[in-house]
Amino acid sequence: MIQITQDLLSRADCSALDEKDPLAGCKSRFALPDGEVYLDGNSLGALPKAVVERMQRAIVNEWGSGLIRSWNDAGWYPAPQRTGAKIARLIGADSDEVIVCDSTSVNLFKVLVAASRLRPDRTVLLVERGNFPTDVYVASETGNLLGLEVLAVEPDEIIPTITELGERLAIVQLTEVNYKSGRIYDMTRITAEAHNVGALAIWDLCHSSGALPVRLNACEVDFAVGCGYKYLNGGPGAPAYVFVARRHLSDVRNPISGWHGHARPFEFTHEFEPHGGIDRMLIGTAPQLSLLALEEAVGVFDDVDMEVVRTKSRALGDLFIRLVDQELAEFGFGLASPRNSAERGSQVSLVHSEGYAIMQALIDAGVIGDFRAPDIMRFGFAALYIGYEDIWESVARLKTIMQGRVWDDPRHKARKAVT
Ligand SMILES: *Cc1c(COP(=O)(O)O)cnc(C)c1O
């Protein structure tokens, strides 16, 4: 993918790659601080410039002047559906199978309960032990609530365990790209294995949507959830989304039967009658400003081909790994992500025993990544706003920090609440 002939890469090689980059123009769609390299789009996406203007309008005109009328006049009410339809294109779903609502954690609960009720005679819920903690926590309490056994296994045990459990298995719930290692799980294969034994598959797309092409319907996925504030750039705490395959829609019950999931919310009837479509996954009133910010942010992808994003993000990760090998060999970093970019999402994780302090020193030097206990330094490569020379610059600043032991300072070692 990166075609460089000589042994050692230089900054000039990296800037030559930027010149040929079909996505280079997308960076100007984002408001990013000068002189910094932002490698944490996997945790909080950057601010699209269009969102600033959209928020100004939403707050001053629509809320300030329009007041309650804006639910109708400014199109606030159908924003969950509109935004869901935009996200659907990015994840290989139909526009009426995705809706924006709640948080990923809440949506996980909703789909876990809904899915397990479609398999009432089965007793086991299978998850990955190393998944993002909220996924495992929510699965485990949902299991308690429903009297299901929750089995948490290592990545390589997933497929053999599905076969072994057979008719006892109700649901497999996994995240496509692991948050720590960036490892990709085979959605096609695992979903097919689950279906072979009659179970359902729920996929969490938090580290997939906006980073790589997802093909939910081609993989025949049953349910999915995902996050609005990571690669979709929806802003801090942006609402999440939920996908239900059309074949399940009429049978699915949302365990939190709020008024927005009703067939006719504004008739205010006393009996709950679920909406006929994906709206039944709604609960209550959306965080409207955050939702409008997310809608505008997702618009950044309207003319973007996710295959092109994927190609570039693989190349950025490959370049980063190659430069870490070339420039930082003596400093004791390990690679926690797959070296093969086909098996890796849009991030590269390094392991270092002083990872926390090194990351703090690096952030201080204007290269922003993050840290996950106990020893993982994460670098996310959002292909819309990160270039090849940015990767060179990041590794160069990291090298300066390692050579000067800049990290070895109490200031960089004090743990903050959010790492
Ligand atoms: C980011 C992330 C979440 C976040 O859940 P919230 O409810 O938004 O806090 C959940 N699961 C995975 C796999 C994530 O990466």
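This note goes through the domains, their interface, the ligand site and the salt bridges of a predicted model.

1. Domain layout. The domain assignment splits the chain into domain 1, made of 11-31 and 305-413, and domain 2, covering 52-301. Domain 1 is therefore built from two stretches of sequence, with domain 2 falling between them in the numbering. The centres of the two domains, taken over C-alpha atoms, are 30 Å apart.

2. Extent of the interface. On the domain 1 side, 27 residues are in contact with domain 2, and on the domain 2 side the number is 19. Together the two domains bury about 1700 Å². Carbon and sulfur atoms account for 60% of that area.

3. Polar links across the interface. There are 11 residue pairs in polar contact between domain 1 and domain 2, counting pairs with both residues at pLDDT 80 or more. The count of salt bridges between the domains is 1. Arg215 and Glu307 form a salt bridge through their side chains, with 2.7 Å from N to O. By the domain bounds, Arg215 falls in domain 2 and Glu307 in domain 1.

4. What domain 1 brings to the contact. Three elements give two or more residues each to the side that touches domain 2: helix H11 (306-327), strand E12 (347-351) and strand E15 (376-380). Helix H11 supplies the largest share, 5 residues. Sorted by class, this side of domain 1 has 13 nonpolar, 7 polar and 7 charged residues.

5. Ligand surroundings. Which residues surround the ligand? They are Ser103, Thr104, Ser105, Phe132, Thr134, Asp135, Thr175, Asp204, Cys206, His207, Tyr229 and Lys230. By their numbers, these residues fall within the bounds of domain 2.

6. Polar approaches to the ligand. Asp204 places a polar side-chain atom 3.1 Å from a ligand nitrogen atom. Two further side chains face oxygen atoms of the ligand: in His207 an N or O atom is 2.9 Å from one, and in Tyr229 a polar atom is 2.7 Å from one.

7. Salt bridges in the model. The total comes to 30 salt bridges. One of the pairs is Asp21 with Lys312, whose closest N and O atoms are 2.6 Å apart. Asp21 sits in the loop between helix H1 (11-19) and strand E1 (30-31), while Lys312 belongs to helix H11, so this salt bridge ties together parts 291 residues apart in sequence. Both residues lie within the bounds of domain 1, Asp21 in the 11-31 stretch and Lys312 in the 305-413 stretch.

Notes
Residues numbered from 1 in each chain as written. Predicted model: local features only at pLDDT ≥ 70, side-chain atom pairs only at ≥ 80, totals over all residues. Heavy atoms only, no water. Contact = heavy atoms within 4.5 Å. Buried area = accessible area lost by both parts, 1.4 Å probe. Salt bridge = Lys/Arg side-chain N within 4 Å of Asp/Glu carboxyl O. Polar contact = N/O pair within 3.5 Å; in protein donor to acceptor, adjacent residues only side chain to side chain. Helix = DSSP H or I, 4+ residues; strand = E, 2+ residues; numbered from the N terminus. Nonpolar A, V, L, I, M, F, W, Y, C, P; charged D, E, K, R; others polar. Near = heavy atom within 4 Å.
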